[in-house]
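Here's a walk through one model, written for someone who likes to know the cut-offs behind each label. Have the viewer open and follow along.

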Amino acid sequence: MSRQIPESELILNADGSIYHLHLKPEDLASLVFTVGDPDRVPLVSKYFDQVDFKVSKREFLTHTGRIQGKRVTVMSTGMGTDNVEILMTELDSLVNVDLKTHTVKPAQKSLEIIRLGTSGSMQADLPIGSILASEIAVGVDTLMQFYPKLEGSQNWSYLVQQTLDLTFLPYQASASSKLLQKLPAGFYRGVTLTAPGFYAPQGREIRLKPKLENMIERLADLEVNGLKMTNFEMETAGYYAMGQLLNHRMLSLNAIVANRPSGEFDKEAEKTIDRMIRLALEVYC
C-alpha cells in the first residue's frame, strides 16, 4: 500500500488547493509553459483563444485556457532553482498524488513543461536577439545535493567543478529529446549554465568583485564532445534535474538578451521575448 504523506509535508490550503501554487488538479493542463516574471504571464495568455482560469499566489501567477481546442497552462515561477523545486514538486503532486488520501497514485502521468526565459550568451558568436534551446544544462547551485543521484553522463559537471575549483560537484541533466525534435531545423541549441544568482555567480561586478576571476572566459573555452557552453541563466538545470527524477518532459527556451563577451544588451528585448513566445506556442500547441 502506498505511504500516506503527512499533512505537514504535502500541505494544502483550506480550499483543497496545493500550498504554494494555489492550484487544484483540474486547474492544470498537461502542457505547461513557465516564465519567471508574473508580468509575462499575460504576454503569453493573450495568444490563447480563451482563458478559463486565473489564480495568483506569491510569485506564482497561473492562467489556463485553450489554443485551437488544446488545453494549455502558463504560469510564473519567480527566479532561481529554489522556486523551481517548489514548482516541480507541486505540479507533480497535482497529477501524481491523490490530494484527498495523501497517497501516490498507482499510475503516473508525465507533464510537458517548457520554460520561456531570458539568458545571457557567453559566446561572442551567439548574438543578442537569438533564441536558444538548452540541450544540456549544468547547475552550479546545490539543489541536487539533497536529491537522489542523477543518471546519465556528468562529464560537464566534473569539468566545471575542476575549472572553477568548486568545493561541491555541479549536476548535469538534459532536455526531452521529444520536445527538442519538434523545433525547426537550424534552431540554436546549446549547453546552459544555471547559476545560483544574477551578479557574481554569473561573473558580474558592480561594487563587489566576484571571487572567481575570468569566469566567463574560462567556461566559454570548455568543450565536451564537440559542444561548448553557450549561456547563463538561473533555472534550467533545476527544471531538467527535477524533470528527470519525476519523469516529466522538459525544455528550456532562452531569449538571448545579453552578450557577455561584447558587453551588449538587447535594446529590443521585449520583441525578442515575444518572438520566442509566439514560436513556442506555434510549435507546441
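Let's fix one term before anything else: a residue is called buried under 20% relative accessible area, exposed over 50%, and partly exposed in between, using a 1.4 Å probe and protein chains only. The model is a predicted one, so local features need pLDDT of at least 70 and side-chain atom pairs count only at pLDDT 80 or more, while totals for chains, interfaces and linings use all residues. Residues are numbered from 1 along each chain as its sequence is written, and side-chain values use heavy atoms, with hydrogens and water left out.

**Helix α7**

Helices here are DSSP runs of H or I with at least four residues, strands are runs of E with at least two, and both are numbered from the N terminus. Helix α7 takes in residues 269-284, which makes 16 residues. From first C-alpha to last, α7 reaches 22 Å, close to the 22 Å expected at 1.5 Å a residue; that expected span is 1.5 Å times one less than the number of residues.

Which residues of α7 are buried? They are Ala 269, Thr 272, Ile 273, Met 276, Ile 277, Ala 280, Leu 281 and Tyr 284. These residues sit on the same side of α7, because they cover an arc of only 165° around the axis, the arc being that of the directions from the helix axis to the C-beta atoms. The background is simple: an α-helix has 3.6 residues a turn, so residues three or four places apart point the same way. Over on the other side of α7, Lys 271 and Glu 282 are exposed.

**Salt bridges**

Side chains of opposite charge can pair when their charged atoms come close. The working criterion is a side-chain nitrogen of Lys or Arg within 4 Å of a carboxyl oxygen of Asp or Glu. By that test the structure holds seven salt bridges.

Take Arg 115 and Glu 235, whose closest N and O atoms are 3.4 Å apart. This pair links distant parts of the chain, with Arg 115 in strand β7 and Glu 235 in the loop between β12 and α6, 120 residues apart. Are these two partners buried or exposed? Arg 115 counts as buried at 5% relative accessibility, and Glu 235 is also buried, at 8%.

Back at α7, Arg 278 pairs with Asp 274, with 2.8 Å between the closest N and O atoms. Both residues belong to α7 and are four residues apart, so about one helical turn separates them. Arg 278 is partly exposed, at 40% relative accessibility. Lys 271, which we met above, meets Glu 268 in a salt bridge at 3.7 Å, N to O. Lys 271 is exposed at 57%, whereas Glu 268 is partly exposed at 47%. There's a network too: salt bridges link Glu 112, Lys 178 and Arg 249.

**Two pockets**

Pockets come from a 1 Å grid over the protein atoms alone: a pocket is an open set of points with protein on both sides within 12 Å along at least five of seven lines, where a lining residue has an atom within 4 Å of a point. Grid points are joined across faces, edges and corners, and the volume is the space filled by probe spheres set on the points. For the lining classes, Ala, Val, Leu, Ile, Met, Phe, Trp, Tyr, Cys and Pro count as nonpolar, Asp, Glu, Lys and Arg as charged, and the others, Gly among them, as polar.

| Pocket | Volume | Lining classes |
|---|---|---|
| Largest | about 590 Å³ | 13 nonpolar, eight polar, six charged |
| Second largest | about 490 Å³ | ten nonpolar, eight polar, six charged |

Of the 27 residues lining the largest pocket, Glu 9, Leu 10, Thr 89, Glu 90 and Ser 93 are the closest to its centre. The elements giving two or more residues to that lining are α2 (81-96) and α6 (236-246), and α2 gives the most, with seven residues.

The second largest pocket is lined by 24 residues, and the closest to its centre are Arg 40, Met 79, Thr 118, Ser 119 and Phe 198. β1 (31-35), β7 (112-121), β12 and β13 (249-259) each supply at least two lining residues there, with the largest share, six residues, coming from β7.

**Two positive phi values**

Gln 68 has a phi near 50°, a positive value in a residue other than glycine. Gln 68 lies in the loop between β3 (60-67) and β4 (70-76) and is exposed at 72% relative accessible area. Asn 225 also has a positive phi near 50°; its loop runs between β11 (223-224) and β12 (227-233), and Asn 225 is exposed at 74%.

Methods: 1 Å grid on protein atoms, 1.4 Å probe; cavity = no way out; pocket = protein on both sides within 12 Å on 5 of 7 lines; lining within 4 Å.
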